[in-house]
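Colleague: Before planning any work at the bench, I should like to go through this model with you. May I put some questions to you in turn?

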Amino acid sequence: MRDDKDAFSMYPNLITPTPAKLHLGRAVVLIAVVSATFTLAGCIPTTPRLDAQSGLAVNIARTQQIANPNASRDNAPVRGIDGQAGDAAVDSYRESFVNPRPALSGSVVNVGSGRAGSGGGGGGGMFGR
């Protein structure tokens with residue numbers, strides 16, 4: 001039989017613990033990755049808060065553009081233009097697509113000077129003081 005000392009001498013690496021070598025570069029990279037992960041995890045917003053408010057601005061804007069929210073419940077006739085004038089306006093509108101007016105040709109159209117066609121007022125406007 002063999003002695004225990006012979007078994008120890010045959011396999012020195014199994015018995016003698018080797019100290020773990022700390023590589024400075026790997027440790028720095030590991031610390032950087034861990035700290036970046038925790039830092040970025042704190043910057044991520046939670047989606048339930050955003051999902052709860054999704055479409056809120058659109059719904060508010062649509063509601064604010066309704067002139068009379070109870071118009072569907074109102075049975076009173078619409079006041080304003082009479083039937084014959086309304087019918088003539090709709091006919092004129094439809095006719096404008098069938099027979100469009102020719103485009104203006106010739107000289108320059110005077111837009112924004114305040115002198116043509118208004119008939120007075122001094123032409124001062126906001127900058128004429």
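**Val34 and its helix**

Colleague: Is Val34 buried, partly exposed or exposed?

Modeller: Please bear in mind that this is a predicted model. The relative accessible area of Val34 is 39%. Buried requires under 20% and exposed over 50%, so Val34 is classed as partly exposed.

Colleague: In which helix does Val34 lie, and how far apart are the end C-alpha atoms of that helix?

Modeller: Val34 belongs to helix H3, residues 24-43. Because each residue should add 1.5 Å, the 20 residues of H3 should span 28 Å. The model agrees with this expectation, as the end C-alpha atoms of H3 are separated by 29 Å.

Colleague: Which residues form a nonpolar patch on the surface with Val34?

Modeller: H3 is hardly covered, with zero buried residues among its 20. The patch that includes Val34 has about 330 Å² of accessible area in total. Its other members are Leu30 and Phe38.

Colleague: What percentage of the residues in the protein is buried?

Modeller: The protein comprises six helices and zero strands. Its accessible surface is about 12900 Å², and carbon and sulfur atoms account for 60% of that. Of the 129 residues, the buried share is 1%.

Colleague: In which helix is confidence highest?

Modeller: The mean pLDDT of the protein is 74, and 60% of its residues reach 70 or more. Confidence is lowest in helix H2, residues 12-15, where the mean is 57. The highest mean, 92, is found at residues 83-98, which form helix H6.

Terms used: Residues numbered from 1 in each chain as written. Predicted model: local features only at pLDDT ≥ 70, side-chain atom pairs only at ≥ 80, totals over all residues. Heavy atoms only, no water. Patch = residues over 30% accessible without salt bridge, like charges linked within 9 Å, V, L, I, M, F, W, Y side chains within 5 Å. Areas by Shrake-Rupley, 256 points an atom, 1.4 Å probe, with all protein chains shown as cover. Salt bridge = Lys/Arg side-chain N within 4 Å of Asp/Glu carboxyl O. Helix = DSSP H or I, 4+ residues; strand = E, 2+ residues; numbered from the N terminus. Buried < 20%, exposed > 50% of the residue type's maximum accessible area, 1.4 Å probe, protein only. Expected span 1.5 Å × (residues − 1). pLDDT = per-residue confidence, 0-100.
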